[in-house]
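Colleague: I'm new to this one and would love a close look at a single part of it. Please start with the surface patch and then follow the chain wherever it leads you.

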Amino acid sequence: MVVCATIRHVRVEFPERSLRLEVPAEVRESALSDTLSIVEAAIGTSGSSIDGSLTAFFNSWSNLSQDPTSSTMRQGVIIQAQSLSTAFKAMAGRFGDARRQADDGIRGTLNDINQIVQRIGALNDSIARAGGTGSMSASLQDEQVEAVKKLSTLVDVDVLANKTGGVDVSFANG
């Protein structure tokens, strides 16, 4: 027969810290890639975006230079200028949409960060009230570790254990 006398709660900080440092870099690179793909789509493909409209516009001027008195060639320049203006307006709209998407994503992430930070603060208070030891405190500390892990997927954090059993969290870059 085996009797369990005590259960110790042991936490190894190094692997957790390493994980907290690596995950935000991966998330940051993924977010940057997503944003740049939206911008790339807003620019359009070569020849069918502003570059194509610019080429057509300057070609219409070239055609007009061959026969400056031609009303057809003059009208061609006007049509190509209007087309170029429309292309610039459309691209500006797509860039505006990309900016709004990025702003919405940032707002959502900041809300998530604020909620997690508030939860970590509440857990710190609960751990301090529980005295920093015992099964209740260990359960709260487990929950706290999970909250810190979740926070570290959103932003680089530095975490220091404090004397009450809680943690002090600061953002790694400011």
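Modeller: Together, L54, F58, W61 and F88 make a nonpolar patch on the surface, with about 410 Å² of accessible area (Shrake-Rupley method, 1.4 Å probe, with only the protein chains shown as cover). A nonpolar patch joins Val, Leu, Ile, Met, Phe, Trp or Tyr side chains within 5 Å, from residues with over 30% relative accessible area and no salt bridge (a Lys or Arg side-chain nitrogen within 4 Å of an Asp or Glu carboxyl oxygen). Bear in mind that this is a predicted model, in which local features need pLDDT of at least 70 and side-chain atom pairs 80 or more, while totals for chains, interfaces and linings use all residues. Residues are numbered from 1 along each chain, and side-chain values use heavy atoms, without hydrogens or water.

Helix α2 (residues 50-66) gives the patch its largest share, three residues. W61 sits in that helix, and at 42% relative accessibility it counts as partly exposed (buried is under 20%, exposed over 50%, partly exposed in between, with a 1.4 Å probe and protein chains only). Helices here are DSSP runs of H or I with at least four residues, and strands are E runs of at least two, numbered from the N terminus.

Next along comes helix α3, residues 71-129. Its 59 residues should span 87 Å at 1.5 Å a residue (times one less than the number of residues), and its end C-alpha atoms are 87 Å apart, so the two agree. Buried residues of α3 include V77, L84, A87, M91, I113, I120 and I127. Over the chain as a whole, 22% of the 174 residues are buried.

What about R129, in α3? With 65% relative accessibility, R129 counts as exposed. Just after the helix, G131 has a positive phi of about 90°. The C-alpha atom of R129 also lies 8.7 Å from that of T164, although 35 residues separate the two along the chain.

That takes us to the hairpin formed by β1 and β2, which has five residues between its strands. One glycine in the turn, G165, has a positive phi of about 100°. Strand β1 (residues 157-161) pairs with β2 (residues 167-171) in the antiparallel sense over five bridges; pairing takes at least two DSSP bridges. Within that pair, V159 stands opposite V169 of β2.

To place all this, the chain has four helices and two strands, in the order α-α-α-α-β-β along the sequence.

Notes: Patches are made of residues with over 30% relative accessible area and no salt bridge: like charges are joined within 9 Å, nonpolar side chains (Val, Leu, Ile, Met, Phe, Trp, Tyr) within 5 Å.
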